[in-house]
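Trainee: Please show me the sequence and the model, and then let us go through them by question and answer.

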Amino acid sequence: MQLEVEQKHRVEDVAALIATLGKRGVTIGPPVTQVDQYFAHPARDYARSDEALRIRSAGGASFVTYKGPKLDATTKTRRELELPLAASDADGLQFVELLQALGFRPVATVRKHRRTFHVRRQAHEVEGALDDVDGVGTFVELELQADDAHVDVARDTIRSLATELKLGDSERRSYLELLLSQQ
């Protein structure tokens with residue numbers, strides 16, 4: 001099973017982080033706006049089960065994503081299944097209609113401006129994202145994909161990179177949880 005191994009950190013000084021990454025030869029891409037609409041299951045409490053179902057729209061395309069419960073206490077390692085929606089549903093509204101017909105209900109929408117980058121660490125290329133999240137703040141995410149046999153190596157790689165970049169404490173709550181905690 002493929003797992004997403006991720007660690008997220010609040011960023012207080014964006015310019016300093018960009019400078020640190022620049023010293024490593026890292027180029028940060030242009031901002032892309034992502035709109036994530038989250039849904040509640042009609043018979044299961046995703047907040048209790050630590051799961052999520054969302055539709056992400058960005059750059060004229062949409063994806064439906066399921067995120068399983070976190071598997072450890074320090075990173076956000078979890079199963080993630082993501083499927084593209086048809087080009088005819090680039091805004092995801094047709095799939096929203098299907099979910100609502102099945103009893104799912106919208107919970108909240110998270111809007112962010114994401115700039116991606118890649119950092120070489122050991123034998124891995126870590127995917128990074130600098131996110132400015134409406135109503136929540138600025139964060140950096142570090143992520144690797146790993147199968148069950150390599151998840152510990154992925155966790156160690158991300159933790160050591162975060163330490164090297166002096167990112168401070170990680171934030172395990174999702175952007176949705178952070179947004180809802182402010183309401």
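The exchange below takes up a helix, some single residues and a pocket.

Mentor: This is a predicted model, in which local features need pLDDT of at least 70, side-chain atom pairs count only at pLDDT 80 or more, and totals for chains, interfaces and linings use all residues. Residues are numbered from 1 along each chain as its sequence is written, and side-chain values use heavy atoms, with hydrogens and water left out.

Trainee: How far apart are the end C-alpha atoms of helix H4?

Mentor: Helices (H or I, at least four residues) and strands (E, at least two) are DSSP runs, numbered from the N terminus. H4 has 14 residues, 151–164. The expected span is 1.5 Å times one less than the number of residues, and for H4 that gives 20 Å. The end C-alpha atoms agree with this, being apart by 20 Å.

Trainee: What arc do the buried residues of H4 cover around the axis?

Mentor: Buried means under 20% relative accessible area, exposed over 50%, and partly exposed in between (1.4 Å probe, protein chains only). In H4 the buried residues are Val 151, Ala 154, Arg 155, Thr 157, Ile 158, Leu 161 and Ala 162. They lie on the same side of H4, because the arc they cover is only 160°. The arc is taken from the directions from the helix axis to the C-beta atoms, and its value for H4 is 160°.

Trainee: Which strands are included in what covers the buried residues of H4?

Mentor: Contact means heavy atoms within 4.5 Å. The cover of the buried residues of H4 includes strands S1 (2–10), S6 (105–121), S7 (124–133) and S8 (137–147).

Trainee: Is Lys 166 buried or exposed?

Mentor: Lys 166 follows H4 and lies in the loop between H4 and helix H5 (175–181). Its phi is positive, about 55°, although Lys 166 is not a glycine. With a relative accessible area of 74%, Lys 166 is exposed.

Trainee: Which residues is Gly 92 in contact with, leaving aside its neighbours within four places in sequence?

Mentor: Gly 92 sits in the loop between strand S5 (78–84) and helix H3. Its relative accessible area is 0%, so Gly 92 is buried. The C-alpha atoms of Gly 92 and Ser 57 are separated by 6.8 Å, with the two positions 35 residues apart along the chain counted as their separation. Beyond the neighbours within four places, the contacts of Gly 92 are Ile 55, Ser 57, Ser 62 and Leu 85.

Trainee: What is the C-alpha to C-alpha separation of Asp 132 and Arg 111?

Mentor: Asp 132 is in strand S7 and is partly exposed, at 40% relative accessible area. Its contacts, leaving aside neighbours within four places in sequence, include Arg 111. The two residues are 21 residues apart in sequence, and their C-alpha atoms are apart by 8.6 Å.

Trainee: How many charged residues are in the lining of the largest pocket?

Mentor: A pocket is an open set of points on a 1 Å grid over the protein atoms alone, where a 1.4 Å probe fits, with protein on both sides within 12 Å along at least five of seven lines; lining residues have an atom within 4 Å of a point. The largest pocket is lined by 42 residues, with Tyr 38, Ala 52, Arg 54, Lys 67 and Ser 174 nearest its centre. Ala, Val, Leu, Ile, Met, Phe, Trp, Tyr, Cys and Pro count as nonpolar, Asp, Glu, Lys and Arg as charged, and the others, Gly among them, as polar. The lining has 14 nonpolar and 6 polar residues, and its charged residues number 22.
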